[in-house]
Amino acid sequence: MFENSQHEKPILGKVIVSAIIHCHTGLHIGASKENLEIGAIDSPVVRDPITREPYIPGSSLKGKMRSLLEKVLRLPPNRNGGTQKNPIWRHECDTKDQAKNCKLCRLFGSTGKEGGGNWPSRLIVRDAFLTTDSLKKLEEIDTGLLYTEWKWENSLDRVTAAANPRQLERVPRGTEFKFEMAYTVESKDDLEEDLKNIKTALKLLEMDYLGGHGSRGYGQVEICNLRCQVVRIKDGKLNQFEPMEFKIEEIENKFQEGEN
Ligand SMILES: [Zn+2]
């Protein structure tokens, strides 16, 4: 049967959300060790390959927001994201029809099972790069590393009780990143709930941690200066509103104006 995906997922507009991520403690988002030279730091942070600046991948932010929100929404964990031996259970709807009505999957997307169809994410989370101010400050620090610092961390081998000291690279506390997300408005009925859940996920992130070694104090972040820009799409035209504070009722109003 002919399937019209345009009608299945209409676009009523976008809400471009912006904020500053302020690191209250050192941040470690690990890079793969594949491209490291011998003698390099044990556990490096992820960097932009061109500028060499540390950044926060959108996938890290989105994954963390999703997993935190999943627990609060109390959705049944049905997928194993780990291995058979070390299963990591999480929730993901099996069909796109389920996903459409699922508070988590309609926002963060789902991959269907057995022909159930994929549900593309309504929320796009961009990579977060250093603010100009932070970049300037980090250029001036003298740690022997570019824009970062390193710290010795000790872990005990649980079998032999032998200490296993290693060097962890981290972005120093006080560093700030520019954060942006784009939310696609597909249904006015879901708008309020979706925006509330985005806000909740950001609050949960502040109470949790970003990156690795959170239980050792790493990755405590604050989401500052939360703002948004609403773009309404009507009759094939884009109507861009002035940037504003992230206030759900006011965002909703932008999609009600001129409607009866
Ligand atoms: Zn779901």
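Let's start from one residue and work outwards: leaving out residues up to four places away in sequence, Ile-198 touches Val-17, Leu-123 and Tyr-183. Keep in mind as you look that this is a predicted model. You can find Ile-198 in helix 6. Is Ile-198 buried or exposed? Ile-198 is buried, because 23 other C-beta atoms lie within 10 Å, and a residue needs 20 or more of them to count as buried. Try tracing the path from Ile-198 to one of its partners, Tyr-183: the two are 15 residues apart along the chain, and their C-alpha atoms are separated by 9.4 Å.

Now move to another of those partners, Val-17. Setting aside its neighbours within four places in sequence, Val-17 is in contact with Glu-180, Met-181, Tyr-183, Ile-198, Cys-228 and Phe-246. Tyr-183 and Ile-198 appear in this list, and those two residues also touch each other.

These contacts lead us to the largest nonpolar core, which has 42 residues. Which residues have the most contacts inside this core? They are Val-15, Val-17, Ile-21, Ile-56, Leu-123, Tyr-183 and Ile-198. Several parts of the chain each supply at least two residues of the core: strand 1 (13-23), helix 2 (58-73), helix 4, strand 4, strand 8 (176-185), helix 6 (188-207) and strand 9. Helix 6, the home of Ile-198, gives the most to the core, with six residues.

Let's step back and look at the whole chain. Seven helices and 11 strands make up its list of elements. Its C-alpha atoms fill a box of roughly 65 × 45 × 30 Å, taken along the principal axes. Of the 260 residues, 27% count as buried. Among contacts with a separation of 6 or more, 61% are between residues 24 or more positions apart.

Finally, visit two residues with a backbone detail to look for. Glu-114 sits in the loop between helix 4 (105-108) and strand 4 (123-125). Its phi is near 50 degrees, a positive value in a residue other than glycine. Glu-114 counts as exposed because it has 6 C-beta neighbours inside 10 Å. Where is Asn-225 placed? Asn-225 belongs to strand 9 (residues 221-234), and its phi, near 55 degrees, is again a positive value in a residue other than glycine. With 12 other C-beta atoms within 10 Å, Asn-225 is exposed, since the cut-off for that label is 12 or fewer.

Definitions and conventions: Residues numbered from 1 in each chain as written. Predicted model: local features only at pLDDT ≥ 70, side-chain atom pairs only at ≥ 80, totals over all residues. Helix = DSSP H or I, 4+ residues; strand = E, 2+ residues; numbered from the N terminus. Contact = placed C-beta atoms within 7 Å. Core = buried A, V, L, I, M, F, W, Y, C linked by C-beta atoms within 7 Å.
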